[in-house]
Amino acid sequence: MTFFPLTGEPLALDLLNTRPTGAGDLIADRAGLAAWLAVEGDRLGRVAEVGEAEVAAVHAVREVAGPLLEAVRHGERPPAAELEALNAVLAAAPVSRELYWSALTGPAAAPHREAAPAARLAAELAEAVVDLLTDARVGSVRGCEAEDCVLLFLPAHPRRRWCVSSACGNRARVARYHARHKGERA
């Protein structure tokens, strides 16, 4: 089973965090993507079967999401090619609202995308990227301060420094402790 070091952030950040330092690409193949989709649970529509088309579509969204987020979080103009690519993914599976009846709540509406599974999945992820890029908090997205970590997070507390305090935070604290006490042993 694949271990994902950081999930529960905005979906776009979870997608970008599928390439942690030293672990390679956690969604490089069908099994990895299927495992990630299972971890993400209800945040994405169901994908009956993960094939090579779904892997390629998700990778395409991830590749444009990184440069877009990097530019927007630093208050810069996003690269035009990546904007165009993301908009093309969204246009390939437009969303419409579908009205249905719920015995519990009465009339309700749900988003519906009429497209092939790969295009639908890519569009849902692209929409998550758009949601993050247009969120007022996008400038608060941080990279983990651990020396060997590349994961991104949206801090709930302004003093948060690490993606996972019990992992990267502990390693940083241990390193500081050893650096402080190194001179005492000599």
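This section describes a strand hairpin and a set of salt bridges in a predicted model.

The hairpin is a good place to start. Strand S1 covers residues 95–102 and strand S2 covers residues 106–113, and the two run antiparallel, joined by eight bridges. Three residues lie between S1 and S2 in this hairpin. To find the register by eye, Ser96 is a handy landmark: its bridge partner in S2 is His112.

Attention now turns to the charged side chains. Searching the whole structure gives nine salt bridges. One of them pairs Glu63 with Arg19, with 2.8 Å between the closest N and O atoms. This contact links distant parts of the chain, as the two residues are 44 residues apart. Glu63 belongs to helix H3 (residues 52–73), whereas Arg19 sits in the loop between helix H1 (11–16) and helix H2 (30–40). As for solvent accessibility, Glu63 is partly exposed, with a relative accessible area of 42%. Arg19 is likewise partly exposed, at 35%.

Helix H3 also holds a salt bridge between two of its own residues, Glu70 and Arg73. Here the closest N and O atoms are 3.2 Å apart. The two residues are three apart in the sequence, about one turn of the helix. Their surroundings deserve a closer look. Glu70 is partly exposed, with a relative accessible area of 40%. Arg73, by contrast, has a relative accessible area of 17%, and it counts as buried because that value falls under the 20% cut-off. The salt bridge thus joins a partly exposed acidic residue to a buried arginine.

A further salt bridge is found between Arg137 and Asp135, where the closest N and O atoms are separated by 3.0 Å. Arg137 has a relative accessible area of 45% and is partly exposed. Asp135 has a relative accessibility of 22%; this residue is classed as partly exposed because buried residues must be under 20%. Elsewhere, Asp14, Glu40 and Arg43 are joined into one network by salt bridges that share partners.

For readers following along in the structure, the pairs can be visited in turn. Glu63 and Arg19 show a link between helix H3 and the loop between H1 and H2, while Glu70 and Arg73 show a pairing inside H3. The hairpin of S1 and S2 can then be traced from Ser96 to its partner His112.

How values were computed:
Residues are numbered from 1 along each chain as its sequence is written. This is a predicted model: local features need pLDDT of at least 70, side-chain atom pairs count only at pLDDT 80 or more; totals for chains, interfaces and linings use all residues. Side-chain values use heavy atoms; hydrogens and water are left out. Two strands pair if DSSP finds at least two bridges between them. Helices (H or I, at least four residues) and strands (E, at least two) are DSSP runs, numbered from the N terminus. A salt bridge is a side-chain nitrogen of Lys or Arg within 4 Å of a carboxyl oxygen of Asp or Glu. Buried means under 20% relative accessible area, exposed over 50%, partly exposed in between (1.4 Å probe, protein chains only).
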